[in-house]
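Visitor: Could you take me through one part of this structure at close range? I would like to start at the surface and then follow the charged pairs and the strands inward.

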Amino acid sequence: MQQQTSADMNLLWGQLILEGLARLGVKHVCMAPGSRSTPLTLAAASQTKLTRHIHFDERGLGFMALGLAKASNAPVAIITTSGTAVANLYPAIVEAWLTHVPLIILSGDRPPELIDCGANQAIIQPAIFAHYAKQVNLPTPDLGYPANALLSTIDHAVANQHQPVHINCMYREPLYPAELVTLAHVKKTASITTSTYLAPLNQWFENTKPLTRYARLTSADLPTTDTLMRFVHGKGVIVVGTLAPEDNPQQIVALAQKLGWPVLVDAQSQLRQHPGVIGHVDQLLLNPKANKKLEQAERILVFGGRFVSKRLTQYIAQQTWHSYWHVGQYGDRLDPTHQSKEFYQASVQAVCQLPWPRSSQANWALQLLPLNESLESLFKQQIDNKTFGEAQVVRAIALAQTDQHILFIGNSLPIRLYDMYAPIATNTPAIYTNRGASGIDGLIATACGVAADKNAPTTLVMGDLSCLHDLNSLALLTQITHPFVLVIINNDGGNIFNLLPVPNEELRNDFYRLSHGLEFGYGAAMFGLAYRQADDIESFNQAYQEAFEFNCASVIEINVSPTQASDQIAQISQWVKQH
C-alpha cells in the first residue's frame, strides 16, 4: 500500500508541474525514453494541452525543442531521464541561453540517498548547466511539501523567463502507478489524504490561470522628441543584425526612408534580400568607392547584433561615431568592440513608432543603392552563369523562396555564402539560424522543430560535416508531413578552413579540413527518406522544385570540389576591389 502511494505521489507532482507549465504558455513537450523520468512522462501522456514530440537522442531532442521554441515564440518543455541523458542537452541549452530561447528542462533524477554511492545512472545533476540555465532543484515528492508551494515555485521560475530553466525532479521508487489517470480525475476521485493535500488548489482547479500571475516586465525609457532631433542631425546609417520574423523588421526600412539613411543588413536580419536595403554590404566594404562613402557616417543606429560579416563588424569598430545607439529586446552586450553608446531595451516596433524627424543629411548615401545593384549584376554573371558550385546553389535556393516559406541556414560556409551573395528579391522567406554559439551540431533537429511548429514548406541548407554531426536527427525528418527539403552541400570536409590563414596545406588537410569521402544516399535510405543527387544547377533546380510537390521530407545532396567555394570567393573579392 505504501509503495502504491509513493508512485501515485510521484505522478501527482508530475501532473501538477506539467499543468502549471501549460498555464504558463508551454505548448510543446519534447520527450526521450527513460525510467527515472516516468512520473513526468506519464504526466505528459495524460496532458491534453501539450503537443508531444518523441526522439531517442537527447542531443537532437534538445535542438528540436530549441527550434519549436523559436518558431512558436513560447517556452518548450524537455523531459529526460537521469544521468548522461541530461548532459546531452548541453549544446542546445548553451545556444538557447545565448539567443534568449525559453527552454524548460525537466530531468528525472535519483533521490539524495542514491547520489555519489555507486547507484546506477546517478550523477550530480543540480547546476549541471552552470549559468546557462536557471536552477530549480525540487525535493522528492512528499505530502509535507505543499502542492501550492510546488506550483508557486514553478510559476516563479518560468514566468517572464526568456532563457533556459532547469527543474531537477528527484523520484524514489516505485515509479509506475497501477493505472494512469488525468489530473482532473485525481481531483474527483481523491482519497481523504489527497483531497486534503490538494485543498489549497481548489480555486486553481476551477480556472486555467497560473497560481501566481506575474506582470510583464516593462522596457527602458525611450528617447524624447528633442533627443531624436539631435541624434538625426547628421549623416547616419542603420545597421540590422539578428532579428526574428515576429519582430517585423520591415518597419526599419520604413524608418530609414523617413530618415533618409541607408540600411546595412546582416544575413539574419530578415531583410537580407529586401530591395530597399544595402544587402551586399559585406562585399561593398571591399570596394574603395563604397568604403569611402560609408566612412562619412557620423551616427549609427543598430538593431539586434551577432553579425556574420567580419567586415561589417570591423567597419562599425573603426568608425569614430558622434552618436551610437543600440536597440535590443534584452540587455545583452552584443558589441565585441565595447564602444561608447546609448542602449535602449525595447522592441523594434516601439522604436520605429517614435516621432522621428527627417535627418538634416537625408539621402546622403544614395550612391550606395546603385553600387549594391551593380554587385547583384556581378553575382548573376560570375556565380549564376558560371561553373556549378556552392554559392550558385545558395543563390538558387534563396531566389526560389516566397513569404510562405521557411529557410534555415546552417553554420560554417552556407550562412556566409548567403550573407555575401544572397540575391535581391521582392518575396523572401522567414530566416532561422543557430548563431548564438554558432555550432554545427543540432542543425537538422532545430530545423525540424521550426518546421513542426510552423507547418510550412521548409528548406535546410547545410554542410556535410554539420550533417554528420546530427545524422541521428534524420529520424525526425520522417515525422514531417509537409514539404521539407534538406540540401546537403558536400565539399568533403570543413572547407571553410580554406579561407583561414593555416600555415600550410598539409596542416590544413590533416588537422582542419578532415576529408571523409562519404556520401549521404545510404544514410537517407536507412531512414526511408527520398534522396536525389545533383551535379549541375539544372538538375538541382528540377530536384528542388519537385521536392516541394510532396508532403514529406526529402534530401538533395550537392557534390562539389573542396576548393570550389574558396576559389570563387577569392576571385569575386578581387573583382569587387578592382572595379
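**From the surface patches to an enclosed strand**

Guide: Happy to. Leu 507, Phe 511 and Tyr 512 together make a nonpolar surface patch of about 300 Å². Please keep in mind as we go that this is a predicted model. Of the patch residues, Phe 511 belongs to helix 22, and its relative accessibility of 59% puts it above the 50% cut-off, so Phe 511 counts as exposed.

Helix 22 spans residues 505-513, and the loop that links it to helix 23 (521-526) holds Glu 519. That residue brings us to a patch of another kind: Glu 519, Asp 535, Asp 536 and Glu 538 form a negative surface patch. With a relative accessible area of 53%, Glu 519 is exposed.

Now to the charges that have found partners. Across the whole structure, a search finds 11 salt bridges. In one of them, the side chains of Arg 36 and Glu 173 meet with a distance of 3.0 Å from N to O. Arg 36 sits in the loop between strand 1 (28-31) and helix 2 (38-45), while Glu 173 sits in the loop between strand 6 (165-170) and helix 7 (183-188), so this pair ties together parts that are 137 residues apart in sequence. The two partners have opposite settings: Arg 36 is buried, at 5% relative accessibility, whereas Glu 173 is exposed, at 57%.

Another salt bridge joins Arg 299 to Glu 298, with 3.4 Å between the closest N and O atoms. Here Arg 299 counts as buried at 6% relative accessibility, and Glu 298 counts as partly exposed at 32%. Asp 335 and Lys 341 form a salt bridge too, and their closest N and O atoms are 2.7 Å apart. In this pair the acidic residue is the buried partner: Asp 335 has a relative accessible area of 10%, while Lys 341, at 28%, is partly exposed. Elsewhere, Glu 19, Arg 23 and Lys 49 are joined into one network by salt bridges that share partners.

Let us return to strand 1, which we met beside the loop of Arg 36, and use it as a way in to strand 3. These two strands run parallel and are joined by 4 bridges. At one of these positions, His 28 has Val 76 of strand 3 as its bridge partner. Strand 3 also pairs with strand 4 (residues 103-109), again in the parallel sense, over 5 bridges. There, Ile 79 stands opposite Leu 106 of strand 4.

What surrounds strand 3, then? Its residues, 76-80, are buried in 5 of 5 cases, so the strand is largely enclosed by the rest of the structure. In a regular strand, side chains alternate between the two faces of the sheet. Strand 3 can be read in that way: Val 76, Ile 78 and Thr 80 point one way, Ala 77 and Ile 79 point the other way, and all are buried. Val 76, the partner of His 28, and Ile 79, which stands opposite Leu 106, therefore point opposite ways from a strand that is largely enclosed.

Methods:
Residues numbered from 1 in each chain as written. Predicted model: local features only at pLDDT ≥ 70, side-chain atom pairs only at ≥ 80, totals over all residues. Heavy atoms only, no water. Salt bridge = Lys/Arg side-chain N within 4 Å of Asp/Glu carboxyl O. Buried < 20%, exposed > 50% of the residue type's maximum accessible area, 1.4 Å probe, protein only. Pairing = 2+ DSSP bridges. Patch = residues over 30% accessible without salt bridge, like charges linked within 9 Å, V, L, I, M, F, W, Y side chains within 5 Å. Areas by Shrake-Rupley, 256 points an atom, 1.4 Å probe, with all protein chains shown as cover. Lys, Arg positive; Asp, Glu negative; His and termini not counted. Charge placed at Lys NZ, Arg CZ, Asp CG, Glu CD.
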